[in-house]
Amino acid sequence: FISATTDIFNTAGVKFPKFTTSTRPANPVTGQIIYNTDSAKLELWDNATISWVEITYAAKSFLYNTII
């Protein structure tokens with residue numbers, strides 16, 4: 001897992017790490033967010049389901065409760 005500090009209060013926006021479906025991180029942590037270039041979607045790791053899940057409206061509460 002790579003940790004970094006990101007300044008989200010700038011005009012450049014936020015950049016997420018890019019992976020294909022087959023190259024996603026082998027040891028993800030809950031709440032880790034990536035951009036899947038195969039599906040062109042943001043995904044997050046959910047330890048409860050032990051899977052990558054597409055960030056959709058339904059995932060917003062998970063993100064809010066996990067990260068904030």
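How many residues lie between β3 and β4 in their hairpin, and which residue in the turn has a positive phi? Here are my notes on this predicted model, starting with that spot.

1. The hairpin. Four residues separate β3 from β4, and I50 in the turn has the positive phi, at about 50°. The two strands, β3 at residues 41–46 and β4 at residues 51–54, run antiparallel and are joined by four bridges. One pairing to look for is D46, whose bridge partner in β4 is S51.

2. The other side of β3. Strand β3 also pairs with β2, again in the antiparallel sense and over four bridges. Along this pairing, Y35 stands opposite L42 of β3.

3. The whole sheet. Stepping back, the sheet is open and made of four strands in the order β1-β2-β3-β4, with mixed pairing. Strands β1 and β4 are at the edges, each pairing on one side only.

4. The salt bridge. There is one salt bridge in the structure. R24 pairs here with E43, and their closest N and O atoms are 2.9 Å apart. The contact brings together distant parts of the chain: R24 belongs to the loop between β1 (18–19) and β2 (33–36), while E43 sits in strand β3, 19 residues apart.

5. Exposure of the pair. Are the two partners buried or exposed? E43 is buried, because its relative accessible area of 9% falls under the 20% cut-off. R24, with a relative accessible area of 24%, counts as partly exposed. It is worth viewing this pair together with the hairpin, since E43 lies in strand β3, which also forms the hairpin with β4.

Definitions and conventions. Residues are numbered from 1 along each chain as its sequence is written. This is a predicted model: local features need pLDDT of at least 70, side-chain atom pairs count only at pLDDT 80 or more; totals for chains, interfaces and linings use all residues. Side-chain values use heavy atoms; hydrogens and water are left out. Two strands pair if DSSP finds at least two bridges between them. A salt bridge is a side-chain nitrogen of Lys or Arg within 4 Å of a carboxyl oxygen of Asp or Glu. Buried means under 20% relative accessible area, exposed over 50%, partly exposed in between (1.4 Å probe, protein chains only).
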